[in-house]
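I opened the file to look up the fold, the core, the cavity and a few single residues. My notes follow in the order I took them.

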Amino acid sequence: MTDLNELDRGAAPGAADPVKVLLHRHRELCERAVDPLEIAAGLEAHGITDRTAARFRHRDVFSLAEELYARVPRDADTPSDAPTEPDAPAREGDRRRPVAVLLLPLLPGTLCAAALIALARTHGQTRLYAAAVGLVAVALALRAALRRGPLALTDALASRSATGSWTCLLLAYAVLGDGLLHTAVTGGPDGLPDGTTGGDWPLALASLLALTLAVAPATWTAGLFLTHARRKLAASRGLEDFAASVRPVLLGTVVLFLGALAALVALCAPFLDTAPVSPAILALGVLLLVARLLTVHGFTHAPRVILMFTAVAQVLAPATVFAARLPGCAALGAPVEALTAAWGPSAVPVLTCGAGALILLVHASRTLARASAHLRPEQAR
């Protein structure tokens, strides 16, 4: 607020050149920008709105950014020794990079399918080894797929987000949680999971397969959102105009991903003998996608908090059922037992993930509709 108040004094009627004051305060931003749109997004990040731009004798932040961009002196001459065309290895590397970004998201689902086939054809201790190898392979593939492309995090964002453990806990519950809750309500479990869907503690392997396969549509839809948002930024002539135009793009991205995930669930169902529709998987998929979109654009606090509360709520559901077996604690498990009796074990992830996804989607419709959210990391400093 102090910075804005000082800018307002610089933009007072008595000031001879109020834009010069603004240029002085944000000179580094203006010199680093490659076009006026970057300056407009940077000004918005510093709290300057269209109303503030009017005090600088401009109709909106975009026209103010154009003047700032025009005022910054630039060297129009290019160095004579600069290469005019990249060499052949560089061009070949540029072609390989988009191919890698396109194909890498397919790797986690492919390896997960291979691991499930191995589980189905092995028994005893061999099955345990196959499960361990498959888990490590899928984890490494996920890490590789998320290190490139539109869902990749910079080192600074990765250190700030700290959502990896909560995401792993949510994925673990998607595979183990419903089976554990069902057996807990019925008096079990009497043993550990055996890697099958029909054991004493059944595993929801369809959830894991569908979610790993969904990495590909998540990456591609996120890329579409990023591309369309930047096009809207280039075409908009005001911050409110941009916000109004980018919100439908965000909603369309989520709906497109939701449709792709539903199709994947339906395709996986016949092979794993599960229901063709799983609201729990859909809710978890949307939650993880919106959380990742927010984190990629620099909004790390809300995803971290929502994922934490969602994971804790899911873990507490079977924990209260087990705690209810203690003398005098029967009331602890009553809410979860009533919910499970009415809607089944999947009601817990549907409610928790659905609520979390809705909260994050509302938050994203406000934060990702800002022009400053679409600055590249090096421009946002």
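I began with the term I needed for G285: a helix here is a DSSP run of H or I with at least four residues, numbered from the N terminus. I also kept in mind that this is a predicted model.

**Entry 1: G285**

I looked up G285 and found it in helix α15. Buried or exposed, I asked of G285? G285 counts as buried, because its relative accessibility is 4% and the cut-off for buried is under 20%. I then listed its contacts, leaving out residues up to four places away in sequence. G285 touches L211, F257 and L261. I also took one distance. From G285 to T212 the C-alpha separation is 9.9 Å, with their positions 73 residues apart along the chain.

**Entry 2: the whole chain**

I stepped back to the overall figures. How many helices and strands are there in the protein? I counted 18 helices and zero strands. The protein has 381 residues, and 43% of them count as buried. I checked contact range next. Among contacts with a separation of 6 or more, 74% join residues 24 or more positions apart. For the surface I noted about 20000 Å² exposed, with 64% supplied by carbon and sulfur atoms.

**Entry 3: the cores**

I turned to the nonpolar residues. In soluble globular proteins, nonpolar side chains tend to be buried together. The largest nonpolar core here has 65 residues. Which residues have the most contacts inside it? They are L43, L68, L287 and L368. Helix α15 gives the most to this core, with 12 residues. I noted a second core apart from it, of 11 residues, including L116, V175, A206 and L209.

I picked L43 for a closer look. Not counting residues up to four places away in sequence, L43 touches L22, H26, L29, I48, V61, L64 and L68. L68 is thus on the contact list of L43, and L68 is also among the residues with the most contacts inside the largest core.

**Entry 4: the cavity**

I searched for enclosed space. Rolling a probe the size of a water molecule over the atoms shows where empty space is left. The structure holds one cavity of 30 Å³ or more. About 40 Å³ of space lies in the largest cavity. Which residues line the largest cavity? I listed P150, A222, F225, L226, L293, V296 and H297. Two or more lining residues come from each of α13 (215-235) and α15 (279-296). Helix α13 gives the most, with three residues. By class, the lining has six nonpolar residues, one polar and no charged.

**Entry 5: T253**

I followed the lining out to T253. T253 lies in helix α14, residues 239-272. It is buried, because its relative accessible area is 5% and the cut-off is under 20%. Not counting residues up to four places away in sequence, T253 touches T221, A222 and F225. A222 and F225 are also in the lining of the largest cavity.

**Entry 6: L233**

I moved to L233, which is found in helix α13. L233 is buried, at a relative accessible area of 8%. How far apart in space are L233 and S245? The C-alpha distance is 9.0 Å, and the two are 12 residues apart in sequence.

**Entry 7: L205**

I closed with L205, placed in helix α12, residues 205-213. Its relative accessibility is 11%, so L205 counts as buried. I took its distance to C268 as well. The two C-alpha atoms are separated by 9.6 Å, and the residues are 63 apart along the chain.

Notes:
Residues are numbered from 1 along each chain as its sequence is written. This is a predicted model: local features need pLDDT of at least 70, side-chain atom pairs count only at pLDDT 80 or more; totals for chains, interfaces and linings use all residues. Side-chain values use heavy atoms; hydrogens and water are left out. On a 1 Å grid over the protein atoms alone, a cavity is a set of points where a 1.4 Å probe fits but cannot get out, and a pocket is an open set with protein on both sides within 12 Å along at least five of seven lines; lining residues have an atom within 4 Å of a point. Grid points are joined across faces, edges and corners, and a volume is the space filled by probe spheres set on the points. Ala, Val, Leu, Ile, Met, Phe, Trp, Tyr, Cys and Pro count as nonpolar, Asp, Glu, Lys and Arg as charged, and the others, Gly among them, as polar. A nonpolar core is a set of buried Ala, Val, Leu, Ile, Met, Phe, Trp, Tyr and Cys residues joined through side-chain atoms within 4.5 Å. Buried means under 20% relative accessible area, exposed over 50%, partly exposed in between (1.4 Å probe, protein chains only). Contact means heavy atoms within 4.5 Å. Accessible areas come from the Shrake-Rupley method with a 1.4 Å probe; for residues, only the protein chains shown count as cover.
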